[in-house]
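Subject: Structure for you to look over

Dear colleague,

Here is the structure I said I would pass on. Please open it alongside this message; my notes follow below it.

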Amino acid sequence: MAQKIITIYMDDLTGEESSEAATHTLSLDGVTYELDLSPDSYDQLLEAMAPFTRVGRKTGKGKKSARKGTPSGENTAEIRAWAKANGYTVSDRGRVPAEIREAYAKASK
């Protein structure tokens, strides 16, 4: 028996078929997303993110953290203890705010 497989590429944003759709990956707060976008939708994504990517720090392409959600080598318990001892308000659980991690890093130098 013969089979014919047809692959239809669709833009995830518009739902329209697009022979030019490509897969793009983005990450936010430790969650990685994949989107299949046509060139127009990809341009729209880049335009929407431009104010943030212009001022953001690049962390490298494909770099993996030692533990999910924390930069490699960081000891969050130690950072929390330092933050509390130095007058910062930090929760006992969850993500340690970037400003506290940066202040800790500067103080540790």
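**An exposed isoleucine before strand 1**

I6 counts as exposed, because its relative accessibility is 62% and the cut-off for exposed is over 50%. Please keep in mind that this is a predicted model. I6 sits in the segment that precedes strand 1 (22-28). Together with I8 and M10, I6 makes a nonpolar surface patch of about 310 Å².

M10 also turns up in the surroundings of S18: apart from neighbours within four places in sequence, S18 is in contact with Y9, M10 and S38. Like I6, S18 belongs to the segment before strand 1. S18 has a relative accessibility of 14% and therefore counts as buried, since the limit for buried is under 20%.

**Overall layout**

The protein has 3 helices and 2 strands. Read from the N terminus, the order of elements is β-β-α-α-α. Of the 109 residues, 18% are buried. The exposed area comes to about 9300 Å², and carbon and sulfur atoms supply 51% of that. If you take the contacts between residues at least 6 apart in sequence, 21% of them join residues at least 24 apart.

**The nonpolar core**

Which residues make up the largest nonpolar core? There are 8 in all: I79, W82, A83, V90, V96, I100, A103 and Y104. Helix 2 (76-85) and helix 3 (98-108) are the elements that each give two or more residues to this core.

V96, one of the core residues, touches T76, I79, R80 and R101 when residues up to four places away in sequence are not counted. Of these partners, I79 is itself listed in the core.

**Helix 3, side by side**

In helix 3 the buried residues are I100, R101, A103 and Y104. Viewed down the helix axis they fall within an arc of 165°, so they line one face of helix 3. Helix 2 is included in what covers these buried residues. On the face turned away from the buried side, helix 3 carries the exposed residues E99 and K106.

Note that R101 is on the buried list of helix 3 and is also among the contacts of V96.

**Salt bridges**

Side chains of opposite charge can pair when their charged atoms come close. How many salt bridges does the structure hold? There are 2.

One joins E102 to R57, with the closest N and O atoms 2.9 Å apart. E102 is in helix 3 and R57 in the loop between helix 1 (39-55) and helix 2, so this pair ties together parts that are 45 residues apart in sequence. E102 counts as partly exposed because its relative accessibility is 37%. R57, at 66%, counts as exposed.

K84 and D92 form the other, and here the closest N and O atoms are 2.2 Å apart. The relative accessibility of K84 is 42%, so K84 is partly exposed. D92 has a relative accessible area of 59% and is therefore exposed.

**Where to look**

If you have only a few minutes, start with helix 3, whose buried residues line one face, and then turn to the patch made by I6, I8 and M10.

Regards

Conventions:
Residues are numbered from 1 along each chain as its sequence is written. This is a predicted model: local features need pLDDT of at least 70, side-chain atom pairs count only at pLDDT 80 or more; totals for chains, interfaces and linings use all residues. Side-chain values use heavy atoms; hydrogens and water are left out. Patches are made of residues with over 30% relative accessible area and no salt bridge: like charges are joined within 9 Å, nonpolar side chains (Val, Leu, Ile, Met, Phe, Trp, Tyr) within 5 Å. Accessible areas come from the Shrake-Rupley method with a 1.4 Å probe; for residues, only the protein chains shown count as cover. A salt bridge is a side-chain nitrogen of Lys or Arg within 4 Å of a carboxyl oxygen of Asp or Glu. Helices (H or I, at least four residues) and strands (E, at least two) are DSSP runs, numbered from the N terminus. Buried means under 20% relative accessible area, exposed over 50%, partly exposed in between (1.4 Å probe, protein chains only). A nonpolar core is a set of buried Ala, Val, Leu, Ile, Met, Phe, Trp, Tyr and Cys residues joined through side-chain atoms within 4.5 Å. Contact means heavy atoms within 4.5 Å. The arc is that of the directions from the helix axis to the C-beta atoms.
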